[in-house]
Amino acid sequence: AEGGSGQIIVSTDAVDFMPRPAPLAHVKGAYGLYITGESMVPEFEPGDIAMVNPHLPLLNDVSCIFYGEKEGSTRATVKRLMRQTPDQWHVKQWNPPEGMKPQFTLARAEWQTCHRTVGKYSRR
């Protein structure tokens with residue numbers, strides 16, 4: 001996943017395997033996602049792995065992975081969900097790219113899926 005406008009997901013195939021942490025130990029469909037981009041530094045840095053439970057209910061002020069389809073490609077971006085409306089995700093990023101604001105909206109028509117993060121493996 002990337003900050004800013006998102007990045008095309010090249011493959012959904014696993015690139016590595018590791019033991020599941022306790023919050024995901026028995027969660028069907030749980031996954032980790034490599035982070036690229038710097039818009040969520042210091043919470044998520046490039047090379048971190050966001051741990052995701054796709055079944056948890058969404059909460060305000062929790063970071064999530066947003067997925068969208070555009071022109072036949074799947075994109076992902078990680079942002080802090082501030083609130084949601086029927087048409088928009090209101091999100092925040094900690095370190096916005098130049099020219100972008102820290103808080104903005106993602107159209108739910110473009111970003112259909114939102115999965116809650118439960119932690120990370122640090123790149124360090």
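The exercises below, each followed by a worked solution, concern a predicted model.

**Exercise 1. The nonpolar cores**

Identify the residues of the largest nonpolar core, and then state which strands each supply at least two residues of this core.

Solution. Begin with the membership: the largest nonpolar core is made up of 10 residues, namely Leu33, Ile35, Met40, Phe44, Ala50, Val52, Ile65, Tyr67, Ala76 and Val78. Next, turn to the strands, where at least two residues of this core come from each of strand E3 (49-53), strand E4 (62-70) and strand E5 (73-84). Finally, look beyond this group, since a second, separate core of eight residues is also present, and its members include Cys64, Phe66, Leu81 and Trp89. As background, nonpolar side chains in soluble globular proteins tend to be buried together.

**Exercise 2. The surroundings of Arg80**

Decide whether Arg80 is buried or exposed, and trace the polar partners of its side chain.

Solution. First, place the residue: Arg80 lies in strand E5. Second, consider its accessibility; because its relative accessible area is 14%, and buried means under 20%, Arg80 is buried. Third, follow the side chain to its partners: a polar contact of 3.1 Å links it to the side chain of Glu43, and it also reaches the backbone oxygen of Asp61 at 3.0 Å. Fourth, list the wider contacts, leaving out residues up to four places away in sequence: Arg80 touches Met40, Glu43, Asp61, Val62, Ser63, His90, Val91, Lys92 and Trp94.

**Exercise 3. Two cysteines**

Explain why Cys114 does not form a bond with Cys64, and determine how many disulfides the structure holds.

Solution. Start with the total: the structure holds zero disulfides. Then take Cys64, which is in no disulfide and whose nearest cysteine sulfur, belonging to Cys114, is 3.6 Å away. Approached from the other side, the sulfur of Cys114 has its closest cysteine sulfur in Cys64, and the separation of 3.6 Å is too far for a bond, because a disulfide requires the sulfur atoms to be within 2.5 Å. To complete the description, compare each accessibility with the cut-off: Cys64 counts as buried at 0% relative accessibility, and Cys114 is buried with a relative accessible area of 12%.

**Exercise 4. Tyr34 and Tyr121**

Locate Tyr34, classify its exposure, and find what distance separates its C-alpha atom from that of Tyr121.

Solution. Tyr34 belongs to strand E2, which covers residues 31-34. Because its relative accessible area is 38%, between the limits of 20% and 50%, Tyr34 is partly exposed. Lastly, although Tyr34 and Tyr121 are 87 residues apart along the chain, their C-alpha atoms are separated by 9.5 Å.

Definitions and conventions:
Residues are numbered from 1 along each chain as its sequence is written. This is a predicted model: local features need pLDDT of at least 70, side-chain atom pairs count only at pLDDT 80 or more; totals for chains, interfaces and linings use all residues. Side-chain values use heavy atoms; hydrogens and water are left out. A nonpolar core is a set of buried Ala, Val, Leu, Ile, Met, Phe, Trp, Tyr and Cys residues joined through side-chain atoms within 4.5 Å. Buried means under 20% relative accessible area, exposed over 50%, partly exposed in between (1.4 Å probe, protein chains only). Helices (H or I, at least four residues) and strands (E, at least two) are DSSP runs, numbered from the N terminus. A polar contact is a pair of N or O atoms within 3.5 Å; within protein, one must be able to donate a hydrogen and the other to accept it, and residues adjacent in sequence count only if both atoms are side-chain atoms. Contact means heavy atoms within 4.5 Å.
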